[in-house]
Every structure is written in structure tokens, then in C-alpha cells.
Amino acid sequence: MRKWLRWLRFVVNVQRFLPFLFEFFASREVSVWKKTFFVGLLLLYIASPFDLIPDWFALFGFIDDFTVFMFILQQIIKMAPASLKEKYNL
């Protein structure tokens with residue numbers, strides 16, 4: 001149950017991560033490989049004609065896309081340098 005509450009808090013505070021994302025991709029501490037990997041992952045999912053739940057299921061299809069985005073954001077945070085995590089209290 002705690003895991004779900006932590007994930008829900010993460011989803012609600014997603015706008016807080018926008019400055020973090022900007023600095024993650026602008027930082028020289030983060031390798032070009034990591035930046036390319038995450039951008040490629042997002043582009044691959046967006047360009048892929050396959051979804052876990054098709055978008056024509058209205059709300060459920062968009063929830064699926066948002067869930068994948070949140071998963072990728074969590075992975076970016078895990079792979080971020082400690083200095084960025086400390087700066088943004090992550």
C-alpha cells in the first residue's frame with residue numbers, strides 16, 4: 001500500500017520535475033549515452049503503433065501513455081547524478 005501512495009504522490013507532483021528534467025538534459029554530469037537513451041525510449045514509445053491499451057478507449061488509453069511516461073521519469077531520476085537529486089530533493 002505504501003508503494004502505491006508513494007507513486008500517487010509522485011504523479012501529483014509531476015510539474016515539480018520539469019526544472020529537474022531541463023537540468024538533467026543540460027547537465028554535463030550526465031553522459032550523452034543516458035540522455036540519448038531516454039529520449040530514444042520516449043520517441044520509440046510515441047512512434048510505436050502498439051500501445052498497452054489502445055487510445056480509442058478514450059481515458060484508459062491516455063492513462064496508459066501517462067503511466068509509461070511516469071515510468072521513464074522514475075528511471076531518469078534513478079540514473080541522475082547525486083548532486084541533481086540533492087538539489088531537487090529527490
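These legends accompany close-up views of a predicted model.

**View 1. The largest nonpolar core and the helices that feed it.** This core has 15 residues. Phe 20, Phe 24, Leu 73 and Ile 76 are the members with the most contacts inside it. At least two core residues come from each of helix 2 (18-26), helix 3 (32-47) and helix 4 (59-79). Helix 4 contributes the most, with six residues.

**View 2. Helix 2 and its two faces.** Look here for Phe 20, Leu 21 and Phe 24, the buried residues of helix 2. They sit on the same side of the helix, because the arc they cover around the axis is only 100°. Turn to the face directed away from this buried side, and you will meet the exposed residues Leu 18, Phe 22 and Ala 26.

**View 3. Phe 24 and its surroundings.** Which residues does Phe 24 touch once neighbours within four places in sequence are set aside? They are Val 30, Lys 35, Phe 38, Ile 76, Ala 80 and Leu 84. Two of these, Lys 35 and Leu 84, are also touched by Ser 27, which appears again in View 5.

**View 4. Aromatic rings around Phe 38.** The structure holds six aromatic pairs. In one of them, Phe 24 and Phe 38 meet edge-to-face, with 6.4 Å from centre to centre and 65° between the planes. Phe 24 belongs to helix 2 and Phe 38 to helix 3, so this pair ties together parts that are 14 residues apart in sequence. Both Phe 24 and Phe 38 are buried. Phe 38 also pairs with Phe 37: the ring centres are 5.3 Å apart and the planes stand at 70°, so this pair too is edge-to-face. Is each partner here buried or partly exposed? Phe 37 is partly exposed, with a relative accessible area of 36%, whereas Phe 38 is buried at 1%. To follow the rings further, trace the one aromatic cluster formed by Phe 20, Phe 24, Phe 25, Trp 33, Phe 37, Phe 38 and Tyr 88.

**View 5. Ser 27 in the loop between helix 2 and helix 3.** Ser 27 has its place in this loop. Its relative accessible area is 10%, so Ser 27 counts as buried. A polar atom of the Ser 27 side chain lies 3.0 Å from the backbone nitrogen of Glu 29. Leaving out residues up to four places away in sequence, Ser 27 touches Lys 35 and Leu 84.

Methods: Residues are numbered from 1 along each chain as its sequence is written. This is a predicted model: local features need pLDDT of at least 70, side-chain atom pairs count only at pLDDT 80 or more; totals for chains, interfaces and linings use all residues. Side-chain values use heavy atoms; hydrogens and water are left out. A nonpolar core is a set of buried Ala, Val, Leu, Ile, Met, Phe, Trp, Tyr and Cys residues joined through side-chain atoms within 4.5 Å. Buried means under 20% relative accessible area, exposed over 50%, partly exposed in between (1.4 Å probe, protein chains only). Helices (H or I, at least four residues) and strands (E, at least two) are DSSP runs, numbered from the N terminus. Contact means heavy atoms within 4.5 Å. A polar contact is a pair of N or O atoms within 3.5 Å; within protein, one must be able to donate a hydrogen and the other to accept it, and residues adjacent in sequence count only if both atoms are side-chain atoms. The arc is that of the directions from the helix axis to the C-beta atoms. Rings of Phe, Tyr and Trp (its six-membered ring) pair if their centres lie within 6.5 Å; planes under 30 degrees apart count as stacked, over 60 as edge-to-face and the rest as tilted.
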